[in-house]
Amino acid sequence: MRPDTLAPATLQKAAGAVAALLRFEHPADAVLRRFFREHPQLGRHDRAFVADAAFGVLRHLRLLEHFAQGRAPRRLLIAWLLRIQGLSLRGVDALLKTDEREPATAMKAAPMPAMPALRYSLPDWLDARLASAGIPDLDALRAAMLEPAPLDLRVNTLKARRDDVIATLRASDWVASPTPLAPTGVRVTGKPSLEKHALFTGGQIEVQDEGSQLVAFLTAPSRGQMVVDFCAGAGGKTLALGALMRSEGRLYAMDTSEKRLANLKPRLARSGLSNVQPMKLDSENDIRVKRLAGRIDRVLVDAPCSGTGTLRRNPDLKWRMDAQAVTELQAKQTAILAAAARLPRVGGRLVYATCSLLPDENEAVVERFLAADPRW
């Protein structure tokens with residue numbers, strides 16, 4: 001939506017969405033879906049603006065609070081329009097109330113702060129951990145985390161070829177290209193309507209980030225093997241593993257959440273896989289895990305984590321997570337990895353992965369595991 005077509009009422013609706021998000025009671029995408037259900041009168045363009053603006057505020061929240069001198073939703077949105085979107089004071093003037101014009105002028109004129117955590121809208125604890133992780137070109141990473149994530153799709157190779165999928169999407173006027181690394185990945189530009197596309201309903205494609213797809217390739221399952229996805233969740237990696245297995249052998253999708261496994265069912269039905277066995281566990285030490293000990297060819301542990309590697313898609317996690325939660329997660333990750341390590345046969349493979357950028361949840365967990373278990 002161009003600024004000259006943005007109505008004051010739309011800005012006010014966006015302020016309502018921001019206010020709901022800033023309570024941080026639920027994940028941002030769920031809050032926004034509920035907001036749109038409660039405001040069905042919003043048209044497509046208004047909904048797009050509200051979503052972009054609300055997530056834009058979450059991405060840049062700390063910096064915008066600095067410019068807006070507080071957390072008032074309208075002031076945050078005005079700061080986002082002026083400082084992140086680059087609109088001029090004249091461009092936003094028609095949207096402003098009388099008492100907002102002077103603060104808007106101050107926001108536009110304020111210098112950019114030098115402190116990285118403030119400039120890149122990161123909590124102090126998270127920025128400090130990233131700074132101590134030895135990441136090269138840290139400012140480039142900080143800046144990248146402020147960008148929206150691309151829409152990546154995984155081609156279900158049981159049903160389609162990537163070149164054919166890209167050709168079909170382009171014929172539907174989508175901007176689609178191969179992902180740089182994952183051989184089954186397609187990157188789509190923009191926000192096309194995916195769920196009604198025939199490729200999606202027919203199971204030829206699934207939404208899955210390229211990094212997630214690569215984890216399945218690192219696990220490297222083969223036809224006829226016994227494979228475990230130990231923290232399967234809604235099954236994105238399970239489906240990728242099953243396709244690499246050509247639906248042969250046995251693939252256990254384990255999780256302690258019945259709700260998450262229930263979300264796998266419609267995806268599994270679309271996929272055409274017949275070798276997946278969902279298994280709801282009471283805990284990582286469930287008796288069924290013990291019965292499979294030493295029999296599994298490939299085990300993937302995609303452990304619960306802080307999600308700091310998904311901040312482009314889930315910017316609210318920055319403000320819902322803290323250092324104490326990371327410490328608690330480390331203990332959980334260590335226990336899960338130790339339990340899963342009983343499963344592989346001699347010569348099998350165990351893959352540990354998280355969606356975190358923090359060494360505390362990655363290298364440190366693996367190093368402790370290797371020190372504690374001499375078999376590995």
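Two strands count as paired here if DSSP finds at least two bridges between them. Keep that in mind as you click around, since one bridge pair to look for is Arg154, which stands opposite Gly185 in β3. What you have open is a predicted model.

**Stop 1: the whole chain**

Start with everything shown as a cartoon. You should find 19 helices and nine strands in the chain. The radius of gyration is 23 Å, close to the 21 Å that the globule rule gives for 376 residues, so the chain is as compact as a globular protein of that length. Along the principal axes, the C-alpha atoms fill a box of roughly 70 × 50 × 35 Å. Colour by burial, and buried residues come to 48% of the 376 residues. How many of the contacts between residues at least 6 apart in sequence join residues at least 24 apart? The share is 70%.

**Stop 2: the antiparallel sheet**

Now select residues 151–155 (β1), 175–178 (β2) and 185–189 (β3), and 205–207 (β4). These four strands form an open sheet in the order β2-β3-β1-β4, and the pairing is antiparallel. At the edges sit β2 and β4, each pairing on one side only. Look along the sheet for its twist, which averages 35 degrees from one strand to the next.

Walk across it one pair at a time:

- β2 to β3: four bridges join these antiparallel strands. A hairpin of six residues links β2 to β3. Click Ser177, then find its bridge partner in β3, Arg187.
- β3 to β1: this antiparallel pair also has its bridges, four of them. Select Leu153 and you'll see Val186 of β3 opposite. Arg154 is the one standing opposite Gly185 in β3.
- β1 to β4: three bridges hold this antiparallel pairing. Val155 has Ile205 of β4 as its bridge partner.

**Stop 3: inside β1**

Stay on β1 and switch on its side chains. Is this strand buried or exposed? Five of its five residues are buried, so β1 is largely enclosed by the rest of the structure. Turn the strand to check both faces: Leu151, Leu153 and Val155 are buried on one side, and Asp152 and Arg154 are buried on the other.

Before moving on, add residues 162–171. This is helix α11, which lies across β1, β2, β3 and β4 and runs at about 165 degrees to β2.

**Stop 4: two helices that cross**

Next, show residues 44–59 (α3) and 73–84 (α5) on their own. Two packed helices are described by the angle between their axes and the distance between the axes. Here α3 and α5 pack at an angle of about 95 degrees, with their axes 10 Å apart. That angle makes α3 roughly perpendicular to α5, because angles of 65 to 115 degrees are counted that way.

Which residues make the contact? From α3, pick Phe49, Asp52, Ala53, Gly56 and Val57; from α5, pick Leu76, Leu77, Trp80 and Leu81. Sorted by class, this α3–α5 contact has seven nonpolar, one polar and one charged residues.

**Stop 5: the enclosed helix α4**

Keep those two helices visible and add residues 61–68, which make up α4. Six of the eight residues of α4 are buried, so this helix is largely enclosed by the rest of the structure. The buried ones to highlight are Leu61, Arg62, Leu63, Leu64, Phe67 and Ala68.

What do they pack against? Their partners are α3 and α5, along with α7 (101–109), α8 (116–119), α9 (124–131) and α17 (317–320). Bring those helices in and look at α4 from several angles. Then step just past α4 to Gln69, where phi is positive, at about 55 degrees.

**Stop 6: the parallel sheet**

Finally, go to the other sheet on this tour. Five strands form an open sheet in the order β7-β6-β5-β8-β9, with parallel pairing. Select 276–280 and 344–353 to see the edge strands, β7 and β9, each of which pairs on one side only. Neighbouring strands of this sheet are turned by 20 degrees against each other on average, direction ignored.

For a last close-up, select residues 296–302, strand β8. Six bridges join β8 to β9, and the two run parallel. Zoom in on Asp302 and find Ala353, its bridge partner in β9.

Notes. Residues numbered from 1 in each chain as written. Predicted model: local features only at pLDDT ≥ 70, side-chain atom pairs only at ≥ 80, totals over all residues. Heavy atoms only, no water. Buried < 20%, exposed > 50% of the residue type's maximum accessible area, 1.4 Å probe, protein only. Axes fitted to C-alpha atoms, helices over the stretch in contact; angles between N-to-C directions. Parallel < 35°, antiparallel > 145°, perpendicular 65-115°, else oblique. Contact = heavy atoms within 4.5 Å. Nonpolar A, V, L, I, M, F, W, Y, C, P; charged D, E, K, R; others polar. Rg over C-alpha atoms; globule rule 2.2 N^0.38 Å.
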